[in-house]
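Here's a quick briefing to read with the structure open beside you. Take the bullets one topic at a time and find each spot as you go.

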Amino acid sequence: MAHETSAVQVQLRRGFQFEQAGTTARALDVYRETLTITTTAEDEAEARLRIARVLRSLSEWDDAIAEAREARRLAESVGANDLAAEAINVEVGVHQFRGDFDTADRLIDRALALSVSARVRGITLQNRGRGAAERRDFGTADACFTESVQAFREAGYELGMAIALTNLSAVARDKGDPARGLEYAQEATSLCRRLNALDVLLVAVQNEASALVALNRLDEAERLLAEALGHFTSARNPVRQAECLEIMGQMSEQRPDLETAARCYARALGIAQAAGDNPLIERMTKRLRSLEPSRDAQEIRGP
């Protein structure tokens with residue numbers, strides 16, 4: 001039994017390495033292979049949780065929820081409350097991407113009630129903060145992220161710290177402080193490089209580029225965006241691809257190159273619609289509409 005459990009953990013570590021490298025198809029294969037050697041409900045729950053997480057990154061929302069719920073059921077059946085809370089958090093992410101924040105918040109309450117370790121509590125608070133930030137409730141977002149950072153420090157969970165810094169970067173930028181956002185993003189990228197956490201690193205790089213665009217440092221931003229978009233395209237992560245294209249559109253607006261901006265937003269909108277990311281769909285629709293008067297005026301003036 002000890003040997004079989006060890007084999008499961010080895011497989012899970014292999015899958016996580018592929019997941020962090022953005023090799024999602026290989027990660028999914030490894031996690032599914034792990035299911036064939038699990039001998040306990042807890043091991044199966046862990047494998048299904050990770051499968052759900054990868055499916056979520058691929059925007060396969062319904063399958064991600066199904067796997068997350070099965071992981072939660074298995075974990076709760078053996079009293080593995082932390083694992084059940086992690087599974088709930090995967091489902092929370094799906095609802096947030098879909099723009100169903102009320103459902104996400106109800107699940108977060110349950111996850112917080114189940115959380116035992118500081119690490120899982122920190123993850124749950126990150127999700128609550130992210131949902132608040134999406135609704136532009138920055139006071140709640142700041143409080144949740146601050147409490148989450150404290151939990152990660154208590155747990156010694158450095159990857160969580162990197163994710164927290166990345167989220168703090170996005171909130172600072174959205175609050176109109178891109179310089180602070182850039183500081184957080186650069187701190188996150190430094191930590192991710194040390195941890196060799198490529199997938200989180202590229203999200204931090206994406207936020208770094210967004211802050212640079214807001215600071216009108218467009219050439220620097222363009223180089224970073226090319227790196228991030230290439231990674232998320234290879235990783236088949238449509239939501240992150242669309243977010244990169246949104247930043248490229250903002251960069252083009254500032255140059256100004258409104259035709260390129262419109263193409264970036266339209267492409268991002270198409271990806272968001274295919275993925276079912278409702279907040280992103282709404283944002284891209286607004287950006288395209290806001291361009292229409294300027295583009296019409298540019299056409300009247302001519303080259």
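Let's start with a charge and a ring: Arg119 has its charged end over the ring of Tyr157, 5.5 Å from the ring's centre. Keep in mind that you're looking at a predicted model. The protein chain has 15 helices and 0 strands.

**Charges and rings**

- Arg119 isn't the end of the story, since Arg130 lies over the face of Phe97, at 4.6 Å from that ring's centre.
- Rings also meet rings here: the structure holds 2 aromatic pairs.
- One of them joins Trp61 and Phe97, which are stacked, with 5.3 Å from centre to centre and 25° between the planes.
- Trp61 belongs to helix α4 (residues 61–77) and Phe97 to helix α5 (residues 81–98), so this pair ties together parts that sit 36 residues apart in sequence.
- Both Trp61 and Phe97 are buried.
- Phe152 and Tyr157 pair up as well: their ring centres are 5.4 Å apart and their planes meet at 65°, so this pair is edge-to-face, as angles over 60 degrees count that way.
- Phe152 has a relative accessible area of just 1%, so it counts as buried.

**The whole chain**

- For 303 residues the globule rule gives a radius of gyration of 19 Å, and the protein chain comes out close to that at 20 Å, so it's as compact as a globular protein of that length.
- If you trace the C-alpha atoms along the principal axes, the chain spans about 75 × 35 × 35 Å.
- Of the 303 residues, 53% are buried.
- Take the contacts between residues at least 6 apart in sequence: 58% of them join residues at least 24 apart.
- The accessible surface adds up to about 13,600 Å², and carbon and sulfur atoms account for 47% of it.

**Helix α13 and what follows**

- Helix α13 runs over residues 238–254, which makes 17 residues, and reaches 25 Å from its first C-alpha to its last, close to the expected 24 Å.
- With 13 of its 17 residues buried, α13 is largely enclosed by the rest of the structure.
- In the loop between α13 and α14 (258–275) you'll find Pro256, and the peptide bond leading to it from Arg255 is cis, with omega near -10°.

**Backbone angles to look at**

- Some background for this part: most residues other than glycine have a negative phi, and most peptide bonds are trans.
- Arg136 has a positive phi, near 65°, and isn't a glycine.
- You can find Arg136 in the loop between α7 (118–134) and α8 (138–155), and its relative accessible area of 52% makes it exposed.
- Asn196 isn't a glycine either, yet its phi is positive at about 60°.
- This Asn196 sits in the loop between α10 (178–195) and α11 (198–214), and it's exposed at 65% relative accessible area.

**Two residues and their neighbours**

- Which residues does Glu86 touch, leaving out those up to four places away in sequence? Leu49, Arg119, Val120 and Ile123.
- Glu86 lies in helix α5 and is buried, since its relative accessible area is 13% and the cut-off is under 20%.
- Ile37 is in the loop between α2 (24–35) and α3 (41–57), and at 32% relative accessibility it's partly exposed.
- Not counting residues up to four places away in sequence, Ile37 touches Ala7, Val8 and Gln11.
- Arg287 lies 250 residues along the chain from Ile37, and their C-alpha atoms are separated by 49 Å.

Technical notes
Residues are numbered from 1 along each chain as its sequence is written. This is a predicted model: local features need pLDDT of at least 70, side-chain atom pairs count only at pLDDT 80 or more; totals for chains, interfaces and linings use all residues. Side-chain values use heavy atoms; hydrogens and water are left out. Helices (H or I, at least four residues) and strands (E, at least two) are DSSP runs, numbered from the N terminus. The expected span of a helix is 1.5 Å times one less than its number of residues. Buried means under 20% relative accessible area, exposed over 50%, partly exposed in between (1.4 Å probe, protein chains only). Rings of Phe, Tyr and Trp (its six-membered ring) pair if their centres lie within 6.5 Å; planes under 30 degrees apart count as stacked, over 60 as edge-to-face and the rest as tilted. A charge sits over a ring if NZ of Lys or CZ of Arg is within 6 Å of the ring centre and within 35 degrees of the ring normal. The radius of gyration is taken over C-alpha atoms; the globule rule is 2.2 Å times the number of residues to the power 0.38. Contact means heavy atoms within 4.5 Å. Accessible areas come from the Shrake-Rupley method with a 1.4 Å probe; for residues, only the protein chains shown count as cover.
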